[in-house]
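Here's a quick tour of a protein model, written for someone who'd rather be at the bench. Have a look at the sequence and the fold before reading on.

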Amino acid sequence: MSAHAGGYSADPRIRWIESLPWIVAIAAFFALPEYLSLGARILIYILYALSLDLIVGYAGISAYFGLGAYVAGILAAKAGVGDPMVQLAAAAAAGALLGIGTGAIILRTKALTLLMLTLAITSVLLEIANKATALTGGADGLSGVVVAPIFGLFRFDIFGKTAYLYCLLALLLGWWLVRKMIYSPFGTSLTGVRENSLRMHAIGAPVYWRLVLVYTLSATIAGVAGGLITQTNQFVGLNVFSFESAGELLVMLILGGVGRIYGAFVGPVVYLIAQDLLAKQFPEYWYFGIGTMLVLVVMFARGGILGILDSILVKLRRRR
């Protein structure tokens, strides 16, 4: 479970420093108009990482991301449903349904068995998407995804302005939901489950169903992120179910700081910008740069990049 310091015993008020990501995002919209397409992708992966951060220790979240992506794409390309809100709602519902259906089964297992089951779910969905070519496009991917203007007013443009603001709004809503949950009695109970599930059982807490609920919420958010990636790209391929995608997401979370809500904000920004810069300079070896960065963070930055910032702040306070 996530290691957020939340719950009813913590101060739920939003601190000034929590406004920094949103200030930076708005400033980037005006200062970096040529990078808005990349910015939209970063925002989507922040939301995706936020979903994984809720259930650190349980793999397979790429299944719900991929399902959301394909549901939104099939509605747009095959069913003729162009309304972006309907597409996104369907992606969220698909993620939630699969999350509660599979979570109710796999969360009864532990350790290696749980890991294998979550990977099996992703593999099954990948094979279904690969074989159902009439519906998904198979290995060629699903093209022809049409997304109508948002509220009939804001059309997706080639510069990514609408997509960026659309993804920013979706991220804001996802962040608010996750933060609200963390700073609640339910969030405190999740911390208790993470720290000592046996003790939570002993005091009569419904551990299993709380795990199922948070797993379903995580799957729902991942489904929304999948829907967003389809809408912004207007294309969806089998890579949304790939283990490589799931591995990249975990790397992002480790870079930012596992179990901390804003680690999900920092990691994708660092990873995707580094990927973009390294791929331009070293097209064949950019993974080496990412790997080196990950090794350095794991060895010397406990708690990820946010852990480094925490150490700096502690030293500054001691000097004062």
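What follows is a walk through a pocket, two helices and one arginine.

## The largest pocket

Keep in mind that this is a predicted model. Its largest pocket has a volume of about 1500 Å³. A total of 46 residues line that pocket, and P21, Y262, F265, V266 and L306 are the ones that lie nearest its centre. Five helices each give two or more residues to the lining: α1 (20-31), α2 (36-54), α7 (161-182), α12 (263-281) and α14 (304-319).

What classes of residue make up the lining of the largest pocket? Nonpolar residues account for 34, charged residues for 9 and polar residues for 3.

## Helix α5 and its buried face

Helix α5 takes in residues 111-131, so to speak a run of 21 residues by the DSSP assignment. From first C-alpha to last, α5 reaches 31 Å, close to the 30 Å you'd expect at 1.5 Å a residue.

Which residues of α5 are buried? They are L114, T118, I121, T122, L125 and A129. Look down the axis of α5 and these buried residues fall within an arc of 85 degrees, so they line one face of the helix. Turned away from that buried side is a face carrying L112 and K131, both exposed. As for partners, the buried residues of α5 pack against α3 (62-77), α4 (84-106), α6 (133-136), α10 (207-233) and α11 (243-256).

## Helix α10

One of those packing partners, α10, deserves its own look. With 27 residues at 1.5 Å each, α10 should span 39 Å, and its end C-alpha atoms are indeed 39 Å apart.

Is α10 largely enclosed or largely open? Of its 27 residues, 21 are buried, so α10 is largely enclosed by the rest of the structure. Right after α10 comes Q234, which has a positive phi, near 55 degrees.

## R179, a buried arginine

R179 sits in helix α7, and α7 is one of the helices that give residues to the lining of the largest pocket. Why does R179 count as buried? Its relative accessibility is 7%, and the cut-off for buried is under 20%.

Setting aside neighbours within four places in sequence, R179 is in contact with P12, R13, I14, R15, E18, I261 and Y262. One of these, Y262, is also among the residues nearest the centre of the largest pocket. For a sense of distance, the C-alpha atoms of R179 and G226 are separated by 21 Å, with the two residues 47 apart along the chain.

Terms used:
Residues numbered from 1 in each chain as written. Predicted model: local features only at pLDDT ≥ 70, side-chain atom pairs only at ≥ 80, totals over all residues. Heavy atoms only, no water. 1 Å grid on protein atoms, 1.4 Å probe; cavity = no way out; pocket = protein on both sides within 12 Å on 5 of 7 lines; lining within 4 Å. Points joined across faces, edges and corners; volume = space filled by probe spheres on them. Helix = DSSP H or I, 4+ residues; strand = E, 2+ residues; numbered from the N terminus. Nonpolar A, V, L, I, M, F, W, Y, C, P; charged D, E, K, R; others polar. Expected span 1.5 Å × (residues − 1). Buried < 20%, exposed > 50% of the residue type's maximum accessible area, 1.4 Å probe, protein only. Arc of directions from axis to C-beta. Contact = heavy atoms within 4.5 Å.
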